[in-house]
Amino acid sequence: MYGVGSGRFKMFLSGGTTSVTEINSERNPEFPGINPEPIAVNLKSFRLWFVEQKADVGLATDGDADRIGIIDEKGVFITQLQVLRCFGLYLLEVKW
């Protein structure tokens, strides 16, 4: 979303069979045309583009990259609290 997180997902996730496509990845402190808070209402156009691309997961950071918005393969927005619950469940059921 034009913030400091630009390029980070590509750096961390690329390689192997993973393909990463970035949009709004250049840093621009004016955040042209968007509110850089990764919540469902602000990710509507991203969600539409994402569903059209038939991608597996959509990730968006806020302006200073301390929050993340996630869209699943069906185009459904997943809140940060839901993601935290999924990680917790994974740790309890898989890792322990």
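A salt bridge here means a side-chain nitrogen of Lys or Arg within 4 Å of a carboxyl oxygen of Asp or Glu. Asp 62 and Arg 67 fit that rule, with their closest N and O atoms 2.9 Å apart. Keep that pair in mind, as we'll come back to it after a look at the whole chain. One thing to know up front: this is a predicted model.

Let's start with the overall layout. The protein chain has 96 residues, and 24% of them count as buried. Its C-alpha trace spans about 45 × 30 × 25 Å along the principal axes. You'll find 3 helices and 3 strands in the protein chain. Walk along the sequence and they come in the order α-α-β-β-β-α, so to speak two helices, then the strands, then a last helix.

Now for the sheet. In general, strands of a sheet pair through backbone hydrogen bonds, either parallel or antiparallel. Which of the two do we have here? The pairing is antiparallel, and the 3 strands make an open sheet in the order E1-E2-E3. That leaves E1 and E3 as the edge strands, each pairing on one side only.

Take the E1 and E2 side to begin with. These two strands pair antiparallel over 4 bridges. To see the register, look for Gly 58, which stands opposite Ile 71 in E2, and then for Thr 61, whose bridge partner in E2 is Ile 68. E1 and E2 form a hairpin with 6 residues between them, and in that turn Ala 65 has a positive phi of about 60°.

On the other side, E2 is joined to strand E3 (residues 77-78) by 2 bridges, again running antiparallel. Here Ile 70 stands opposite Ile 78 in E3. The hairpin of E2 and E3 has 5 residues between the strands, and Gly 75 takes a positive phi near 90° in it.

Back to the charged side chains. Side chains of opposite charge can pair when their charged atoms come close. How many salt bridges does the model hold? The count comes to 3. Besides the contact with Asp 62 at 2.9 Å, Arg 67 forms a salt bridge with Glu 37 at 3.4 Å, N to O. Arg 67 lies in the loop between E1 and strand E2 (68-71), while Glu 37 lies in the loop between H1 and H2, so this pair ties together parts that are 30 residues apart in sequence. Arg 67 also bridges to Asp 66, where the closest N and O atoms are 3.7 Å apart. Put together, Glu 37, Asp 62, Asp 66 and Arg 67 are linked in a network of salt bridges.

Are the members of that network buried or exposed? Asp 62 is buried, with a relative accessible area of 3%, because buried means under 20%. Asp 66, by contrast, is exposed at 55%, since the cut-off for exposed is over 50%. Arg 67 has 35% relative accessibility and counts as partly exposed. Glu 37 counts as partly exposed too, at 28%.

Next, the largest pocket. It holds about 770 Å³ of space. The lining is made of 30 residues, and Thr 21, Glu 22, Phe 46, Gly 58 and Leu 59 lie nearest the centre. The elements giving two or more residues to that lining are helix H1 (8-13), helix H2 (44-53) and strand E1 (58-61). Which one gives the largest share? That is H2, with 5 residues. By character, the lining residues divide into 14 nonpolar, 13 polar and 3 charged. Gly 58 is worth a second glance: this residue is one of those nearest the pocket's centre, and it also stands opposite Ile 71 in the sheet.

That leaves helix H3. What span should its 16 residues, 80-95, have? At 1.5 Å a residue the answer is 22 Å, and the end C-alpha atoms are 21 Å apart, which agrees. Of the 16 residues of H3, the number buried is 1, so this helix lies largely in the open.

Technical notes:
Residues are numbered from 1 along each chain as its sequence is written. This is a predicted model: local features need pLDDT of at least 70, side-chain atom pairs count only at pLDDT 80 or more; totals for chains, interfaces and linings use all residues. Side-chain values use heavy atoms; hydrogens and water are left out. On a 1 Å grid over the protein atoms alone, a cavity is a set of points where a 1.4 Å probe fits but cannot get out, and a pocket is an open set with protein on both sides within 12 Å along at least five of seven lines; lining residues have an atom within 4 Å of a point. Grid points are joined across faces, edges and corners, and a volume is the space filled by probe spheres set on the points. Ala, Val, Leu, Ile, Met, Phe, Trp, Tyr, Cys and Pro count as nonpolar, Asp, Glu, Lys and Arg as charged, and the others, Gly among them, as polar. The expected span of a helix is 1.5 Å times one less than its number of residues. Buried means under 20% relative accessible area, exposed over 50%, partly exposed in between (1.4 Å probe, protein chains only). Two strands pair if DSSP finds at least two bridges between them.
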